[in-house]
Amino acid sequence: MDLYHLIYQSQALGEFGEAELAALLRRGRTHNQDANISGVLLHTTDGRFLQVLEGPKTAVRHLYYHLILSDTRHFHCQVISEGSCDRRSFAGWAMGCRLAQLADLRTLLGEAPADDLGLTHRPYPRPQLLALLEGFVAQGPVETGQAHALDSQPTRHY
Ligand SMILES: Cc1cc2nc3c(=O)[nH]c(=O)nc-3n(C[C@H](O)[C@H](O)[C@H](O)COP(=O)(O)O)c2cc1C
């Protein structure tokens with residue numbers, strides 16, 4: 001299989017409470033499982049999202065570029081990284097979900113206060129970003145829904 005992953009961030013448009021999140025996860029998990037997609041969604045209480053999608057290239061790109069990108073529940077969608085990969089980082093989770101603090105996202109994304117050159121964003125290269133994400137997700141409770149088998153070895157977070 002042509003394994004691919006895509007990481008993006010976005011901002012919720014308006015109120016995004018527990019009920020909205022639960023509905024999103026329910027629908028997303030069903031679709032992702034059917035499409036052989038795994039990954040994790042980080043969200044903050046003020047509505048920032050960071051999601052990792054991994055699976056067959058066509059399925060991942062279709063999900064992001066045709067569905068998620070045009071979803072009116074969020075905006076400012078920005079791809080952080082995408083490309084082919086050798087293994088899944090979140091195998092076994094159709095859509096893991098983890099609450100994060102804004103500071104956590106800033107750290108993961110390499111965001112820093114403006115320096116003399118006015119630079120505020122130094123994104124990590126993909127392997128480093130994924131390692132940071134795996135480490136962050138492993139540190140706290142992840143809501144995974146029902147576990148299911150996908151086509152690769154589970155990682156240590158399974
Ligand atoms: C932050 C965010 C993350 C999402 N992640 C997924 C996802 O992983 N899988 C999925 O199927 N839909 C996801 N969605 C929902 C899609 O954008 C879209 O609403 C859904 O695929 C449409 O399904 P439907 O046509 O069956 O209603 C996400 C939406 C948002 C706002």
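Colour the chain by secondary structure to begin: four helices and five strands appear, where helices (H or I, at least four residues) and strands (E, at least two) are DSSP runs numbered from the N terminus. Along the sequence these elements follow the pattern β-α-β-β-α-β-β-α-α. This is a predicted model, in which local features need pLDDT of at least 70 and side-chain atom pairs count only at pLDDT 80 or more, while totals for chains, interfaces and linings use all residues. Residues are numbered from 1 along each chain as its sequence is written.

Next, select the strands. The five of them form an open sheet of mixed pairing in the order S4-S1-S3-S2-S5, two strands being counted as paired if DSSP finds at least two bridges between them. Strand S4 (74–84) and strand S5 (96–99) stand at the edges with a single partner strand each, so one side of each is left without a neighbour in the sheet. Neighbouring strands are turned by 15 degrees against each other on average, direction ignored; axes here are lines fitted to C-alpha atoms, for helices over the stretch in contact, and angles run from 0 to 180 degrees between N-to-C directions.

Keep S3 (48–56) in view and add its partners. Strand S1 (residues 3–12) pairs with S3 in the antiparallel sense over nine bridges, and Ser10 has Phe49 of S3 as its bridge partner. Strand S2 (residues 38–43) is also antiparallel to S3, over six bridges, with Ser38 opposite Glu54. S2 and S3 form a hairpin with four residues between them, and Gly47 in the turn has a positive phi of about 85 degrees. To reach the edge of the sheet, move from S2 to S5, which run parallel and are joined by four bridges; in S5, Gly96 is the bridge partner of Val40. Helix H2 packs on the sheet, touching S1 and S3, and its direction makes about 150 degrees with that of S3.

Now colour by burial, taking a residue as buried if 20 or more other C-beta atoms lie within 10 Å of its own, exposed if 12 or fewer, and partly exposed in between, with C-beta atoms placed from the backbone. Buried residues make up 27% of the 158 residues in the chain. Eight of the nine residues of S3 are buried, so this strand is largely enclosed by the rest of the structure.

Select the largest nonpolar core, which has 23 residues, including Ile37, Val40 and Val52; such a core is a set of buried Ala, Val, Leu, Ile, Met, Phe, Trp, Tyr and Cys residues joined through C-beta atoms within 7 Å. The elements that give two or more residues to this core are S1, S2, S3, H2 and H4, and its largest share, four residues, comes from S3. Centre on Val52, which, leaving aside its neighbours within four places in sequence, is in contact (C-beta atoms, placed from the backbone, within 7 Å) with His5, Ile7, Gly39, Val40, Ser89, Phe90 and Leu133.

For a contrast in burial, go to Ala131 in helix H4 (residues 126–138), which is exposed, with 12 other C-beta atoms within 10 Å.

Finally, select the ligand and the 16 residues around it, of which Gly28, His31, Leu67, Ile68 and Asp71 come nearest; a residue counts as near if its C-beta atom, placed from the backbone, lies within 6 Å. Helix H1 (18–34), strand S3 (48–56) and helix H2 (57–68) are the elements that give two or more residues to this shell, and H1 gives the most, with five residues.

Notes: Contact = placed C-beta atoms within 7 Å.
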